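Trainee: I should like to learn how one reads a single strand within a sheet. May we look at an example together?

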Amino acid sequence: MQKKLTIVLALIGLKNEAFFLENLKLHLEEVFSPADVDAVKVSSSLLKEAYTPSRGQYNSTITLALLKNKLEKVEADRILAITDVDLYAQGLNFVFGEAQLPGRIALISLHRLKPEYYGEGDGELFKARIRKEAVHELGHTFGLTHCPNPACVMHFSNSIHDTDRKADSPCQACREALRRNR
Ligand SMILES: [Zn+2]
Ligand SMILES: [Zn+2]
């Protein structure tokens, strides 16, 4: 019998979470089963120090460090922070998310998952993308690295097309690694 994981979703200044939250919770409870998923709200003022005016974007590595401080007392095995600002990391134009590898905290951005960003308008597609990036970044917190299988959720997404091509759960090999590491 595996220990039940507690995963907390930290919603950073979100206002539109109602349409995806329940779907995401159920999916994470299944992929990381046995797991309980809860949500807390975090003020968007946390992001101020991570803003880079010259790029109009937020540094994801700094955001992770700020979250680590801010959420230190939150009792959870894993925390997945969700923001809708545009994130970047050193050497990359943008990132869909970033995680401690391994660690307790992961971060995803909805900014470039929104179908509107690409001139599309499909709510189900948006929810699927959120599930994939959430599982991907949480997977890193369990020590999973990038998987060569393009259909696996742990495959690296260089663009939204890579995200759309992959499944919302780990391949057999990654599932086994997850079971060993949790
Ligand atoms: Zn990754
Ligand atoms: Zn895999």
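Mentor: Please note that this is a predicted model. Let us begin with one pairing: leucine 80 has alanine 106, in S8, as its bridge partner.

Trainee: To which strand is S8 joined by five bridges, and is the pairing parallel or antiparallel?

Mentor: The partner is strand S5, residues 78–83, and the two strands run parallel.

Trainee: In which sense does S7 pair with S8?

Mentor: Strand S7, residues 97–99, pairs with S8 in the antiparallel sense, over three bridges. Within this pairing, glutamate 98 is matched with leucine 107 of S8. The connection from S7 to S8 is a hairpin of five residues.

Trainee: Are the residues of S8 buried or exposed?

Mentor: A residue counts as buried if 20 or more other C-beta atoms lie within 10 Å of its own. By that test, five of the five residues in S8 (105–109) are buried. Ile105, Leu107 and Ser109 point one way, whereas Ala106 and Ile108 point the other way.

Trainee: Which residues have the most contacts inside the largest nonpolar core?

Mentor: They are Ala10, Leu80, Ala81, Ile82, Leu107 and Ala134, in a core of 44 residues. S5, S8 and helix H3 (123–141) are among the elements that each supply at least two residues of this core. Strand S1 gives the most, with six residues.

Trainee: With which residues is alanine 134 in contact, leaving aside its neighbours within four places in sequence?

Mentor: Alanine 134 is in contact with Leu24, Leu28, Leu80 and Ile108. Of these, Ile108 is a residue of S8, and Leu80 has already appeared as the bridge partner of alanine 106.

Methods. Residues are numbered from 1 along each chain as its sequence is written. Chains are lettered from A and ligands numbered from 1 in the order in which they are written. This is a predicted model: local features need pLDDT of at least 70, side-chain atom pairs count only at pLDDT 80 or more; totals for chains, interfaces and linings use all residues. A residue is buried if 20 or more other C-beta atoms lie within 10 Å of its own, exposed if 12 or fewer, and partly exposed in between; C-beta atoms are placed from the backbone. Helices (H or I, at least four residues) and strands (E, at least two) are DSSP runs, numbered from the N terminus. Two strands pair if DSSP finds at least two bridges between them. A nonpolar core is a set of buried Ala, Val, Leu, Ile, Met, Phe, Trp, Tyr and Cys residues joined through C-beta atoms within 7 Å. Two residues are in contact if their C-beta atoms, placed from the backbone, lie within 7 Å.
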